[in-house]
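User: Hi! I'm new to this one and would love a quick tour. Can you put it up so we can look together?

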Amino acid sequence: MSVQKSILITGCSSGIGYYCAVQLSKAGYQVIASVRNAKDLNIFEGTDIQCILLDLACEQSIRDGFNQALTVANGQLDALFNNGAYGQPGAVEDLPTDVLRQQFEVNFFGWHTLTCLAVEQMRKQGAGRIIHNSSVLGLVALPYRGAYNASKFALEGLTDTLRMELSGSNIQVSLIEPGPIVSKFRENAKLAFLTNIDHENSVHHKAYQAQLNRLGSEEAPQKFTLGPEAVYKALQHALSAKIAKPRYYVTFPTYLMGYLKRILSSKMLDKILIKNR
């Protein structure tokens, strides 16, 4: 690139965020990578990546982190990749409202706050790219993923609205919708489940054992699981294409579920999805 472009990426302590930060830096971007915990601030030591603290569950931390990112980027932020999120497993009837609220605080409200800050800055600049890393679970719902499903469904609706409202502004908005990707997502989800769900006393106790086995497995959950490079490929296009796509499907399950949702009735689709307990 003749002119170095800047990008802020959230959730960079591992997985997709870490991989994309490293690859974009190698590609010539000025990368500002955010992490939630101070202990992770040195993970990019020895690279050109600037790491900052940004906790999506804290509005003040989001504002402070965004201002720091702007300072690092000399007041010109060309792109935002919202990626930091987690999954809260558990049956809907077992979800304490405060736990559901926390899921939305990180996966939805925090993203909204950061996105609005970015839009304000990009309007001043006259251009920008905003990419949200959503999920196949923003297209279809699976049992025992109600909190995560809801946060991603909400994100999809808000992002579609924002994209239309920004029409003609030269700020492009895209959604990336991955299926299973190799990351620490299951490890973090298992911790959230054990911490927040009273699984021993639930009517879903037996079914939860299968969930715990899935979340605790060291093997990929599905044969269609891909590495973070699959998401990076979509991100690259969303950042560099003259006209970015509104949506990027990543992994075969996302393509399949998107297709089945279009052609099947809700009842028929439910029969297929229930098998993925």
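Analyst: Happy to. Keep in mind that this is a predicted model. Let's start with helix α6, where Tyr208, Gln211, Leu212 and Leu215 are buried.

User: Where do those buried residues sit around the axis of α6?

Analyst: They are on the same side of α6, because they cover an arc of only 100° around the axis.

User: And what do the buried residues of α6 pack against?

Analyst: They pack against α5, which is residues 185-196.

User: How far apart are the end C-alpha atoms of α6?

Analyst: They are 16 Å apart. That agrees with expectation, because twelve residues (205-216) at 1.5 Å a residue should span 16 Å.

User: Nice. Switching topic: how many disulfides does the structure hold?

Analyst: Zero. Cysteine 51, for instance, is in no disulfide, and the nearest cysteine sulfur, from cysteine 12, is 7.0 Å away.

User: Is cysteine 51 buried or exposed?

Analyst: Cysteine 51 counts as buried, because its relative accessibility is 10% and the cut-off for buried is under 20%.

User: What about cysteine 116?

Analyst: Cysteine 116 is in no disulfide either, and the nearest cysteine sulfur, that of cysteine 58, is 17 Å away. With a relative accessible area of 39%, cysteine 116 is partly exposed.

User: Back to helices. At what angle do α2 and α3 pack?

Analyst: Helix α2 (residues 59-72) and helix α3 (residues 97-125) pack at about 35°, and their axes are 10 Å apart. Their crossing is right-handed.

User: Which residues make the contact?

Analyst: On the α2 side you'll find Glu59, Ile62, Arg63, Phe66 and Leu70. From α3 come Gly110, Thr113, Leu114, Leu117, Ala118 and Gln121.

User: Anything unusual in the backbone?

Analyst: There are two residues to look at here. Most residues other than glycine have a negative phi. Asparagine 74, however, has a positive phi near 55°. Tyrosine 144 is not a glycine, yet its phi is positive too, at about 70°.

User: Where are asparagine 74 and tyrosine 144?

Analyst: Asparagine 74 is in the loop between α2 and β4 (79-82). Tyrosine 144 lies in the loop between β5 (128-133) and α4 (146-165).

User: Buried or exposed, for asparagine 74 and tyrosine 144?

Analyst: Asparagine 74 counts as exposed, at 70% relative accessibility. Tyrosine 144 counts as buried, at 8%.

Conventions
Residues are numbered from 1 along each chain as its sequence is written. This is a predicted model: local features need pLDDT of at least 70, side-chain atom pairs count only at pLDDT 80 or more; totals for chains, interfaces and linings use all residues. Side-chain values use heavy atoms; hydrogens and water are left out. Helices (H or I, at least four residues) and strands (E, at least two) are DSSP runs, numbered from the N terminus. The expected span of a helix is 1.5 Å times one less than its number of residues. Buried means under 20% relative accessible area, exposed over 50%, partly exposed in between (1.4 Å probe, protein chains only). The arc is that of the directions from the helix axis to the C-beta atoms. Contact means heavy atoms within 4.5 Å. A disulfide is a pair of cysteine sulfur atoms within 2.5 Å. Axes are lines fitted to C-alpha atoms, for helices over the stretch in contact, and angles run from 0 to 180 degrees between N-to-C directions. A crossing is left-handed if the near helix is turned anticlockwise from the far one by less than a right angle, and right-handed if clockwise.
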